[in-house]
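Biologist: Pick one loop and take me through its backbone, slowly. After that, please carry on into the parts around it and the partner chain.

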Amino acid sequence: MDKEELIARLKPIVSGYAQDQDALAAINEDTDFIKDLKINSANLVDVVLDVEEAFDIVIDNQSMEKMLTVKASIEVIQAKLQEK
Amino acid sequence: MIGNDLVDLLEAAQQSNWKRRGFLEKVCSLAEQRQISEAENPEELVWLFWSMKEAAYKIHSRITGIRSFAPALLDCKVDLVNSLQAQGTVCVDQQTYYSLSTIETNYIHTLAAQSQERLQTIRTEIHDQPLANYRLKNPACVSHHGRYIALVF
């Protein structure tokens, strides 16, 4: 799955938690979940759980550490999809 | 350096489902998970741990200059607790932060510092949101959630 496709699949997941709609509309690789989308940090857990369900992958806590941006999340998802 | 974190309990109940499968495993250590499962008021303990972790993380991330999302690695211990206050520590990467939490009906607010001495001298202001021009007050740390904003000095 390429980057654009992954961003397109991430967008509906984060849209449930994003509090900044302009940043959501402009979502790209550099988007920061907390600083840009203003996602509440407790909801970041939900983003990770939703990603696990949507892609049928398991994200260990070590991988979750990095998932503060779209770019880092894409890298984690790609790595986990390759492990399957 | 000091940190603080406020959880609006009504907002948290609406925003988050801590009973969701996998949620606590991603947020809490095994010891914390066990305490939650045995607690009389598990929801309160979940958000107490969460606010302790967040308050300590705000200091730790500034000291290390590293942002990461690893709540389960912030190891909470509550030493002293009554219905209104909880005193404890949060350990991460061999660093210990001291915490003092106030438990109200509507919110939990935690202060964190690098020493007990500093913890005792923190001044707190909690206001309803929105609060205009709060930056002018020059707080050391700001936390806002739901209906409230907390400033510490």
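Modeller: Let's start with A:Asp56, which sits in the loop between H3 and H4 of chain A. Helices here are DSSP runs of H or I with at least four residues, strands are runs of E with at least two, and both are numbered from the N terminus. A:Asp56 isn't a glycine, yet its phi is positive, about 55°. It's exposed, with 9 other C-beta atoms within 10 Å. The cut-offs are 20 or more other C-beta atoms within 10 Å of a residue's own for buried, 12 or fewer for exposed, and partly exposed in between, with C-beta atoms placed from the backbone.

Bear in mind that this is a predicted model: local features need pLDDT of at least 70 and side-chain atom pairs count only at pLDDT 80 or more, while totals for chains, interfaces and linings use all residues. As for labels, residues are numbered from 1 along each chain as its sequence is written, and chains are lettered from A and ligands numbered from 1 in the order in which they are written. On confidence, the mean pLDDT (the predictor's confidence in each residue, from 0 to 100) is 97 for chain A, and 100% of its residues score at least 70. Element by element, H4(A) has the lowest mean in the chain at 96, and helix H2 (residues 21–25) has the highest at 98.

Now to the helices of chain A. H1(A), residues 3–15, has 13 residues and reaches 18 Å from its first C-alpha to its last, close to the 18 Å expected at 1.5 Å a residue; the expected span is 1.5 Å times one less than the number of residues. A:Leu6, A:Leu10 and A:Val14 are buried in H1(A). An α-helix has 3.6 residues a turn, so residues three or four places apart point the same way. The buried residues of H1(A) pack against H3 and helix H5 (70–83) of chain A.

H3(A) turns up again where the chains meet. The contact takes 13 residues from chain A and 15 from chain B, counting two residues as in contact if their C-beta atoms, placed from the backbone, lie within 7 Å. On the chain A side, H3 (41–55) and H4 (61–64) each supply at least two residues, and H3(A) gives the largest share, 7 residues. By class, that side has 8 nonpolar, 4 polar and 1 charged residues. Nonpolar covers Ala, Val, Leu, Ile, Met, Phe, Trp, Tyr, Cys and Pro, charged covers Asp, Glu, Lys and Arg, and the others, Gly among them, are polar.

Over in chain B, B:Gln94 is another non-glycine with a positive phi, near 65°. It lies in the loop between S3 (85–92) and S4 (95–103) of chain B, and with 5 C-beta neighbours inside 10 Å it counts as exposed.

Follow S4(B) onward and a hairpin joins it to S5(B) through 3 residues. The two run antiparallel, joined by 6 bridges, and strands pair if DSSP finds at least two bridges between them. One of the facing pairs puts B:Ser99 opposite B:Ala112 in S5(B). On its own, S5(B) (residues 107–113) has 7 of its 7 residues buried, so it is largely enclosed by the rest of the structure. B:Tyr107, B:His109, B:Leu111 and B:Ala113 point one way, B:Ile108, B:Thr110 and B:Ala112 the other, and all are buried. S5(B) also pairs antiparallel with S1(B), residues 2–8, over 7 bridges, with B:Ile2 partnered by B:Ala113.

S7(B) has two unlike faces: B:Cys141, B:Ser143 and B:His145 are on the covered one, B:Val142 and B:His144 on the uncovered one. S7(B) pairs antiparallel with S8(B), residues 148–152, over 5 bridges. These two strands make a hairpin with 2 residues between them, and B:Gly146 in the turn has a positive phi of about 55°. Just one more backbone oddity: the peptide bond from B:Gln129 to B:Pro130 is cis, with omega near -10°, and B:Pro130 belongs to the loop between S6 (124–128) and S7 (141–145) of chain B.
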